[in-house]
Amino acid sequence: MRAALDALSSRSAAVGPSEDSDIDDLPAAEDEDEDDASARRVVDITVEAPAQPASRVVRMCPSLWPDAREATVYFPYPQKDVNLERSGPLPVAADLGARRLAYRCTWERNCIKNAFSLAGFRRVKDGTELRALKGVRGEASPDGSGSGLADFVGGLLGLAPTGAAGGKKKGKKALDAHVTKLPWCASWTKHPGAEVYATQRRHQRVNHFPGSWCIGRKDRLLRCLGRARSRGGTAAKAYAFMPEGYILPGEARALEGKAKLDKHAVWIVKPPASSCGRGIRLATSRELTAGTLPKEKKYVVQRYVDAPFLGVNGRKFDLRLYALVTSVDPLVVYVHEDGLVRFSTHAYTMRNLRCRYVHLTNYSVNKKSKRYVEADGDGAGAADADDDGGDDDDGDDDDEEE
């Protein structure tokens, strides 16, 4: 256990900026285009001071395989928000002494800061928090010339070279991205660039696997599934559940041709990098061929599943299961015992394509309906409750179109 703590904090004992640093945070880069970002609804969130541990004693979680794996830092549930206790082996107290557990992040969100703070971590920052270039896979080197080691690692991961692709992008202001010299143990940021992985030390942990950006957005996920299906054989059968889809504006002509052939089809239109049901609407083939979508706007358009399984009270619902992937090779996945079920508030019908309370199950959408009923038990609606309030019970999506 002491060896695990030494490994985590060996680099953190160095003198560096602390949580009380006067240097302001740099804004986190959004993995969206500027047009998408401007259309997003900004939520005013009060930033509270993160909770502090009682002392310099950290709680360690013994491994289920003590002979093969060291103990890890124990992350408790915040009792004031979640009335739950973690299952499994009880944590064991360990004295930190002069060692430090430090983390860095680009998110000003209480849930992240409180989780690290309650586990015994302190935040460090020096103004070089990760700033990824918009629309560019990878991270620019400070001088724009790239880094040999970073470019080598980036090539292995399928990332763009830091010098060639990371320097500038036409029509957009390039942002410098620096690899921080902070003594951190854990990093919770946007997708790191190749330089971060190339300079990462053994005791440091990041919250993204290299290259995982390719399934983190609707358009990229659709493209990856399309490539897998194009291989044929087992892969084509495995991903046959995915409805036919198109990525606009690049595939606009193909979509228009399909809509002309299938004049009675209904399609669902989504922004590629948004959440909480923002900007989603249904459109008929006639509307698509009439040019109702902006020609240069980015969308993901898929054939709408117009005959869904209506298992409860004739309403649409979705199941959300939570899994933690700790290793890709070998694949190690932990599935949470609990999940989430979300329901639409209006009975399903295809006679009204504009009512969002019929066709969407997002909590952020349906909580505005007069028919919304809060679920019994703890944690109801906590999955994406980051939208603003209000009540608009006709469910019309005019105010959400982008």
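This is a short exchange about salt bridges in a predicted model.

Author: Local features here need pLDDT of at least 70, side-chain atom pairs count only at pLDDT 80 or more, and totals for chains, interfaces and linings use all residues. Residues are numbered from 1 along each chain as its sequence is written, and side-chain values use heavy atoms, without hydrogens and water.

Reader: What makes Arg-217 and Asp-219 a salt bridge?

Author: The term needs a side-chain nitrogen of Lys or Arg within 4 Å of a carboxyl oxygen of Asp or Glu. The closest N and O atoms of Arg-217 and Asp-219 are 2.8 Å apart. So the pair qualifies.

Reader: Why is Arg-217 called buried?

Author: Buried means under 20% relative accessible area, exposed over 50%, and partly exposed in between (1.4 Å probe, protein chains only). Arg-217 has 9%, so it is buried. Asp-219 has 8%, so Asp-219 is buried too.

Reader: Why does Glu-244 count as partly exposed?

Author: Its relative accessibility is 23%. That lies between the two cut-offs, so the label fits.

Reader: How do you know that Arg-303 forms a salt bridge with Asp-262?

Author: Their closest N and O atoms are 2.8 Å apart. That is within the limit, so the pair counts. Arg-303 lies in strand S11, and Asp-262 in the loop between helix H8 (252–261) and strand S9 (266–270), so the pair ties together parts 41 residues apart in sequence. Helices (H or I, at least four residues) and strands (E, at least two) are DSSP runs, numbered from the N terminus.

Reader: What joins Glu-244, Lys-258, Asp-262 and Arg-303 into one network?

Author: Salt bridges that share partners do.
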